[in-house]
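Q: I'm new to reading protein models and would love a close look at one part of this one. Could you walk me through it slowly?
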Amino acid sequence: MMKTADYIRLSEQYGAHNYKPLDVVLERGEGVWVYDVEGKKYLDCLSAYSALNQGHVHPTILKALIDQAEKISLTSRAFRNDQLPLFYKELAELSGYEMVIPMNSGAEAVETALKVARKWAYMVKKVPRHQAEIIVADGNFHGRTISIVSFSSEEFYKDDFGPFTPGFISVPYGDIQAIQAAITPNTAAILIEPIQGEGGVIIPPEGYLKAIRQTCNQNNVLFIADEIQTGLGRTGKLFACDHENVRPDLMVLGKALGGGFYPVSAVLSSRAILGLLQPGEHGSTFGGNPLAAAVARASLRVIVDEHLTENAATLGEYFRDQLAEIPSKHIKEVRGKGLLIGVELKPEAGGARKYCEKLQEEGILAKETHETTIRFAPPLIIDQPTIDWALDKIRNILL
Ligand SMILES: *Cc1c(COP(=O)(O)O)cnc(C)c1O
C-alpha cells in the first residue's frame, strides 16, 4: 500500500515543482475536516484559499454535481443550455448586478474584467485606441497569467516571464492620494482587492473603498473589485466591499463560486458595461457549461440557506478576539475580517512556515502567506466548539 512518502516521491519526480506544499497527502474531506492517506484527521484552516467556504464535499452541492453530470456536462457556448440562464438570474439577483459573464479560473475572470474595462475606455470614455491605463495596487494578487503578473509587485512571480503587458500603473495599497495622483485622461479602471489575501491579509484604512468609489465617479473611471477570495461570505458580508457600502462597477468572483467542486468564476457588472461585449470578442470553451452552472447555483444556495455569511461574521470576530488574547511573544498582530484572519509573527519568530508545520502535527492545516503571516480561513460552516478546539492547539504552539 502506498504511504505519504511514496506519493510525495511521485510528485517530486513527475510533477512540476511550482508549489511547495506541506507534506500531507489528503484523500478524503468532509465539512471542515480532511483526512490523509494514513487516516490522520486535520482541521482545514485554508479552505483552498477560500474556495471551500461551504466546506468539503457539501452534500447539497455534491447532489447538484451528480444530478447534472448524469444529464449533460458540456455544451460549449455554441449552443445554449438549461442551467446557465438560471445561474445568471440567481447570481444577478443575489448580487444586485444586471449582467454576468461566466469563466472558469479566477485569473481568467480578472483578465475578462480588464478586457471589458479597456473596451469601455475606447467605446464609452473615448480613450485613444490602445492607450488605456489601469491602476492597480502594490502587493496585489490577481492570478498568474502573463498580463496579470505584468503588474505584480512580487519580483519572483514575474522575473523570468517577461516581456510584460503594458498599460498598468501600480500604486501603494491603501493610499487614496496615490490613486488620485496616478489618474490621467486615459485611465480606464482601478483594480483592487478590498482586502489583500495573498498579500498577507492586508486591510486598507477605513474609508479607502468609499474614496475609490468617489474618485472613480469624479474621474469617469471604472472601479473593479477582485473579490475572488474575499467574496461570497468570507469576510462576514456577502462581499467585502459591503463593509463600506460600496458598489464597484465590475465585481470579479471565483473560488467559492464553485463550492470546492469545480472551477467557476464570473464577472458581474451593469448592462452599460458588460453589454459592450459583442459575439466573438471574448469566450471560453468551458465557461458557463451546464455542470459549472449547476454547481455554482447550488454553491450560492448553500451560502444563503446556511447563513454562512452571518456565521463568518460572528465566529470570525470570536476567533480573532481569542487569537489576539494569546499572550505570545511571537505575535506582532492579529488582523482580519470575518473568517479571513492573518496572524503576523514578529521577524525574530523565524518565519511562519515552521509554525504551520507544527500546526500540521497538531492536526490543523494552515498556510503561511508572505513568510511572516499565518492565515486562518476555515470553511464558513465551522462552529464554535471546533474553533475552541483549534485555539487550544494554536495557543500551545504560539506560546
Ligand atoms: C486566487 C485569486 C485569484 C486567482 O484565481 P485562480 O483561480 O487561481 O486563477 C485572483 N485574485 C484573487 C484575489 C485571488 O485570491
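How close do the axes of helix 4 and helix 11 come, and at what angle do they cross?

A: Happy to! This is a predicted model, so local features need pLDDT of at least 70 and side-chain atom pairs 80 or more, while totals for chains, interfaces and linings use all residues. Residues are numbered from 1 along each chain, and side-chain values use heavy atoms, without hydrogens or water.

Helix 4 covers residues 84–95 and helix 11 residues 290–305 (helices are DSSP runs of H or I with at least four residues, strands E runs with at least two, numbered from the N terminus). Their axes come within 9 Å and cross at roughly 30 degrees (axes are lines fitted to C-alpha atoms over the stretch in contact, with angles from 0 to 180 degrees between N-to-C directions). That makes the two helices roughly parallel, a term for angles under 35 degrees. The crossing of helix 4 past helix 11 is left-handed: the near helix is turned anticlockwise from the far one by less than a right angle.

Now zoom in on the contact (heavy atoms within 4.5 Å). Helix 4 brings Leu84, Leu86, Phe87, Glu90, Leu91 and Leu94, and helix 11 answers with Ala293, Ala296, Arg297, Leu300 and Val304. By class, nine of these residues are nonpolar, none polar and two charged (Asp, Glu, Lys and Arg count as charged; Ala, Val, Leu and Phe are among the nonpolar ones).

For context, the model also has an open sheet of seven strands, ordered 4-10-9-8-7-5-6 with mixed pairing (strands pair if DSSP finds at least two bridges between them). Strand 4 (99–103) and strand 6 (168–171) are its edges, each pairing on one side only.

Conventions. Angles under 35 degrees count as roughly parallel, over 145 as roughly antiparallel, 65 to 115 as roughly perpendicular and the rest as oblique.
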